[in-house]
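Biologist: I should be grateful for a close look at a single part of this model. Please describe how one helix is packed against its neighbour.

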Amino acid sequence: MHLLGHNLPDHKLIRVALTSFHGVSNHTSSRILARLQIHEQALVSSLTEQQVTALSAFLSSPSNTAVPSPTPVCPPGATPHGDWSGFPQPRTTKGKARMDGEDPLQNLKIETDLRRSVQSDIAHMRTIGTYKGRRHAAGLPVRGQNTQTNAKTARKLNKVDRRTFSTSPLRPTAESPIRRPVQHTSALMSSLNPIVKSRFAQ
C-alpha cells in the first residue's frame, strides 16, 4: 500500500509499518490506531478503503483532526466507584503532567514538518551562541560523548548548512565600520611627483 509517499508492505502489521514515517514511534503508532479505531494486530493488506482514507487524512494534518468524545467507563447515570484523586496523573512523553482534555496527538509533527522544526531549533541555538549550538556548528557530539575515537557519526550528521551562518557580522555596524583602502587617483599622484623630486634634488 502506498501512503503519503511511503510504501507500506502488505504483510506487515500496520502498527509496525507506520513507524517508517519520520517522527512516528511504536507508542505514537499505537495511539494513532486507537484514535482511528483500528486493531493493533491488523495487517496493512486487511485495511478497508475507509480506514486508509482516515489514516491518510490524520497523518496529513493531525492538528486539524477532530478529537473523538471520551469513551464512557460506566453506564449512563451511574457514578464511578472509589476516589481516584490520589493516583498519579497521566503524563506526556516529556514528563509534564497532562491537563484534563488535552490531546497528546494534537501537536504531532512528522516528516518535513518535524525536520523543519528540528533545523529551526538548531539554528536558534547557534544564533544565541549556546554550547549545543556551537557543538552543532563544529559537527561534534552534542550530549557529552567521547570525541577522540567515536565522533565519526556526529561529524557526518551534526553538520548544519554553513551558507546561512557566520561568526562575524555580515554588515558593518556603527561601532565597527568596515575600513576600505584609500584609492589614489592619478591627479593626487601627479601633484606629489614635484614634491618628491624636489626632496631628492636637495
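**The contact of α4 with α5**

Modeller: In this predicted model, residues I122, M125 and R126 of α4 meet K132, G133, H136 and A137 of α5. By class, this contact of α4 with α5 comprises three nonpolar, two polar and two charged residues. The axes of the two helices lie 7 Å apart, and α4 and α5 pack at an angle of about 105°. Angles of 65 to 115 degrees count as roughly perpendicular, and α4 and α5 are therefore roughly perpendicular to each other.

On the side of α4, which spans residues 111-128, one residue may be examined in detail. I122 is located in helix α4. Buried means under 20% relative accessible area; I122 counts as buried because its relative accessibility is 9%. I122 is also among the α4 residues in the contact with α5. Ten residues separate I122 from K132 in sequence, and their C-alpha atoms are 8.2 Å apart in space.

On the other side, helix α5 covers residues 131-138. Within α5, the residues G133, R135, H136 and A137 are buried, and the buried residues of this helix pack against α4. G133, H136 and A137 are also among the α5 residues named in the contact with I122, M125 and R126. Just after α5, G139 adopts a positive phi of about 70°.

Note on methods. Residues numbered from 1 in each chain as written. Predicted model: local features only at pLDDT ≥ 70, side-chain atom pairs only at ≥ 80, totals over all residues. Heavy atoms only, no water. Buried < 20%, exposed > 50% of the residue type's maximum accessible area, 1.4 Å probe, protein only. Helix = DSSP H or I, 4+ residues; strand = E, 2+ residues; numbered from the N terminus. Contact = heavy atoms within 4.5 Å. Axes fitted to C-alpha atoms, helices over the stretch in contact; angles between N-to-C directions. Parallel < 35°, antiparallel > 145°, perpendicular 65-115°, else oblique. Nonpolar A, V, L, I, M, F, W, Y, C, P; charged D, E, K, R; others polar.
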